[in-house]
Amino acid sequence: SADDFEREVDTFGEGYQQHNRRLHNRQTLFQESGMIALALKSVDVLSAFGSAAAQIGNQAIRQMGSAAVALADNWQTMLESLYKLLAAFIKGNRDNCSKFVQHLDWLVLQLDTSKSASIGILMVLIALLEDSPDVLNKVKEKHIKSIISLLEKHGRTPQVLDLLCSLCMCRGVAVRSNQNVICDHLLSGRD
């Protein structure tokens, strides 16, 4: 009956809200205990290791021993996992997004210097921009151009398109300034 259906919908809605509250509380706990800062430091260390490994070369790493080889083989996987962890810490949590916005330049720089379109970095950016009008106000034209350049470098990766979408709309409201920058850059040179 209609009454049973309404009760089931209410129960589902309450369960969903409780789940979101628990998730938000966990995210806040991670922020307060310094886990986000620790994850950022770990990303810096692994990024520096990756840069050093690229400069040294695979042959030299193999000569260092099996531990160095294992670390060199797994550093990219660890880095991706840390980015996914950061995305989980901030997704849907406006407080954490607001605190993380100070790292926006650093995050876009990581994306620019990455040899591949890092799914983890894209996930962090999407989580950061998805529901945060405060963060969208901090996005600069240079950030948007860096993100658009990923289309030129790596093609139409779904995560890049999702990121561009999150730059264009926030909570169902169009962000005209970002839309104009994206259109101007993508459509420049076309008639």
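Buried, for these notes, means under 20% relative accessible area.

**Entry 1: what I'm looking at**

I'm working from a predicted model, so no experiment stands behind these coordinates. I started with the secondary structure and got eleven helices and two strands. Reading along the sequence, I pass ten helices, then the two strands, then a last helix. Of the 191 residues, 37% count as buried. The accessible surface comes to about 11600 Å², and 55% of that belongs to carbon and sulfur atoms. I also looked at contact range: among contacts between residues at least 6 apart in sequence, 71% join residues at least 24 apart.

**Entry 2: the core**

Nonpolar side chains tend to be buried together in soluble globular proteins. I looked up the largest nonpolar core here and found 46 residues in it. Those with the most contacts inside this core are Y83, L86, I90, F100, L107 and L167. I picked L167 for a closer look. Leaving aside neighbours within four places in sequence, L167 touches L129, L136, V139, I144, I147, V175, N178 and I182.

**Entry 3: α7**

L129 sent me to α7, which spans 119–129. How many of its eleven residues are buried? I get nine, so by the under 20% cut-off this helix is mostly covered. The buried ones are G120, I121, L122, V124, L125, I126, A127, L128 and L129.

**Entry 4: the cavity**

Rolling a probe the size of a water molecule over the atoms shows where empty space is left. I found one cavity of 30 Å³ or more. The largest cavity holds about 40 Å³ of space. Which residues line it? I noted K91, G92, N93, R94, C97, A127, E130, D131 and S132. By class that lining has two nonpolar, three polar and four charged residues. A127 ties this back to Entry 3, since A127 is among the buried residues of α7 and also lines the cavity.

**Entry 5: S132**

I finished with S132, another lining residue of the largest cavity. S132 sits in the loop between α7 (119–129) and α8 (133–136). Is S132 buried or exposed? Its relative accessible area is 5%, which is under 20%, so S132 counts as buried despite its place in a loop. Leaving aside neighbours within four places in sequence, I find S132 in contact with C97 and C170. C97 also turned up in the cavity lining. One distance for the record: S132 and D95 are 37 residues apart in sequence and 9.4 Å apart in space, C-alpha to C-alpha.

Notes: Residues numbered from 1 in each chain as written. Predicted model: local features only at pLDDT ≥ 70, side-chain atom pairs only at ≥ 80, totals over all residues. Heavy atoms only, no water. Core = buried A, V, L, I, M, F, W, Y, C linked by side-chain atoms within 4.5 Å. Buried < 20%, exposed > 50% of the residue type's maximum accessible area, 1.4 Å probe, protein only. Contact = heavy atoms within 4.5 Å. Helix = DSSP H or I, 4+ residues; strand = E, 2+ residues; numbered from the N terminus. Areas by Shrake-Rupley, 256 points an atom, 1.4 Å probe, with all protein chains shown as cover. 1 Å grid on protein atoms, 1.4 Å probe; cavity = no way out; pocket = protein on both sides within 12 Å on 5 of 7 lines; lining within 4 Å. Points joined across faces, edges and corners; volume = space filled by probe spheres on them. Nonpolar A, V, L, I, M, F, W, Y, C, P; charged D, E, K, R; others polar.
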